[in-house]
Amino acid sequence: MALSRRNLISLSAAALAAGALAACSDERGGDTADPAPADGTTGAAPADGETTPTGGEAGGLIGIAMPTKSLERWNRDGAHLEGLLKEMGYETSLQYADNKQDQQNNQIQNMINDGAKVVVIASIDGTAMGPILQTAADAGVKVFAYDRLINGTENVDYYATFDNYKVGQLQGQYILDHMDDYKNDDGSINLEPFAGSPDDNNVRYFFGGAWDLLGPEVEKGTFTVPSGKAPADSDGWASIGIQGWASSGAQSEMENRINSFYGDGKKVNIVLSPNDSLALGIQQALEGAGYTPGEDWPLLTGQDADLANVQAMVQGKQTMDVWKDTRMLGEQVAKMVDQLVKGEEVETNDTETYDNGVKVVPSFLIDPVVVTMDNIEEQLVESGFYTAEDIGL
Ligand code: GAL
């Protein structure tokens, strides 16, 4: 049964909130309460459409908390946002947390201690931040969730991201539009679905967008899933999640599936990979199993237009990518931070979708774009995201 987008989101948010509140109560003993904010603000997040009085003066310290340097896109995101804010006259504290939420929470505490006016957070596990965000609110520090929604707390003021559900829809629709090119002689199509890290709130949207389209086709028999790893519905993403979005995890999972379920000449025809780091590991598994680009290489999806994956696309080892021009996300967040600091109306374009289990977080969504060999030059080179030689064109 495919859950509608709205059901998927509110159902999962409620479940998350329960978990988050439990997590917070476990952690609460570890945090010391902060003194009341000097400027008398309560730190409570603004109701939709309201501005937050933060003094109206541009400048001051903005914290930027990124999850890890080991996944390419976050290095781009962090450096770009830092540069934009500095150009606007802000000081910045850019920190990377090695994919460890407790490390990121400590970094955020330091940003608060250093007098940050706003912290921009791409969380690792957005359900384990209740206490630190209460500390931020108590200190009058405003909180932006960056790319990944933070759940189970009212102390998230804004969210800026790409349309995560649409990322999955674009992957699922591409598969439906091109599956006939990957049929076996007997008309069957062997599909292997993957999902991202179970602690990443985006995963439910990526997988939901794709599986709302593909799940019914699996039920109808359009696709077979020889590994049996086909979730019963769009909420089943955790059962096929790869922890930490690790390429190595995806590679070993793909190797296991090939070795266990693809004997006697059976071939993988299509792989749903939610992002590029997983797609890279899947490529390595396919190569190791003797698949050849242009001959029996499966349709392979991705997301982020990481350099290695765009190069792989040119080499025929990845079929499509969902590109999120993270320069646009950085520009949007820098603008919203500046508006918030100055006490101006903060620009959002979605005040319904992202229910974090406690409140609907006012958000700004940017549209992602499908990139294939048909438009790679126009999208990635003419936009200045890469040069032709970068990607091997
Ligand atoms: C997601 C992000 C994606 C993906 C993944 C690994 O939350 O939205 O772009 O790459 O993390 O970084």
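Helices (H or I, at least four residues) and strands (E, at least two) are DSSP runs, numbered from the N terminus. Load the whole protein chain to begin: there are 12 helices and 11 strands in it.

This is a predicted model, in which local features need pLDDT of at least 70 and side-chain atom pairs count only at pLDDT 80 or more, while totals for chains, interfaces and linings use all residues. Residues are numbered from 1 along each chain as its sequence is written, and side-chain values use heavy atoms, with hydrogens and water left out.

**Whole chain**

Colour by accessibility. Buried means under 20% relative accessible area, exposed over 50%, and partly exposed in between (1.4 Å probe, protein chains only). Of the 393 residues in the protein chain, 55% are buried. Turn next to contacts, meaning heavy atoms within 4.5 Å. Among those between residues at least 6 apart in sequence, 74% join residues at least 24 apart.

**The sheet**

Select strands E1, E2, E3, E4, E5 and E10. These 6 strands form an open sheet with parallel pairing, in the order E2-E1-E3-E4-E5-E10. Two strands count as paired if DSSP finds at least two bridges between them. Strand E2 (91-96) and strand E10 (363-366) are at the edges with a single partner strand each, so one side of each has no neighbour in the sheet. From one strand to the next, the twist averages 15°. Angles run from 0 to 180 degrees between N-to-C directions, and axes are lines fitted to C-alpha atoms, for helices over the stretch in contact.

Now pick E1 (61-66). How many of the residues of E1 are buried? The count is 6 of its 6 residues. In a regular strand, side chains alternate between the two faces of the sheet. On one side of E1 are Leu61, Gly63 and Ala65, on the other Ile62, Ile64 and Met66, and all are buried. E1 runs parallel to E2, joined to it by 6 bridges. To see one pairing, select Ile62, which stands opposite Thr92 in E2.

Move to strand E3 (residues 118-121) and strand E4 (residues 142-146), which pair in the parallel sense over 4 bridges. Here Ile121 stands opposite Ala145 in E4.

Add helix H3 (residues 101-113), which lies across E1, E2 and E3 and runs at about 175° to E1.

**Cores**

A nonpolar core is a set of buried Ala, Val, Leu, Ile, Met, Phe, Trp, Tyr and Cys residues joined through side-chain atoms within 4.5 Å. The largest has 69 residues, and Val120, Tyr146, Phe223 and Val337 are those with the most contacts inside it. Centre on Val120. Neighbours within four places in sequence aside, Val120 is in contact with Ile62, Gly63, Ile64, Ala65, Leu81, Phe144, Tyr146, Val333 and Val337. A second, separate core has 24 residues, including Ile108, Ile132, Ala136 and Val143.

Ile132 and Ala136 lead to helix H4, where both are buried. H4 (residues 130-138) is mostly covered, with 7 of its 9 residues buried. After H4 comes Gly140, with a positive phi near 75°.

**The ligand**

Select the ligand and everything near it, where near means that a heavy atom of the residue lies within 4 Å. Which residues are the closest? Of the 13 residues that surround the ligand, the closest are Trp74, Asp147, Arg148, Asp200 and Asp304. Draw three distances from polar side-chain atoms to an oxygen atom of the ligand: 2.3 Å for Asp304, 3.0 Å for Asn202 and 3.2 Å for Asn275.

**Gln318**

Go to the loop between helix H9 (307-314) and strand E9 (321-323), where Gln318 is located. Is Gln318 buried or exposed? At 3% relative accessibility, Gln318 counts as buried. Its side chain makes a polar contact (a pair of N or O atoms within 3.5 Å; within protein, one must be able to donate a hydrogen and the other to accept it, and residues adjacent in sequence count only if both atoms are side-chain atoms) with the side chain of Asp276 at 3.1 Å. The side chain of Gln318 also reaches the backbone oxygen of Met320 at 3.2 Å. Residues that Gln318 touches include Trp297, Leu300 and Asn309.

**Two loop residues with positive phi**

Asn99 is in the loop between E2 and H3. Its phi is near 60°, positive in a residue other than glycine, and Asn99 is partly exposed, with a relative accessible area of 26%.

Finish at Asp264, in the loop between helix H7 (247-261) and strand E7 (270-272). Phi of Asp264 is near 35°, also a positive value. At 78% relative accessibility, Asp264 counts as exposed.
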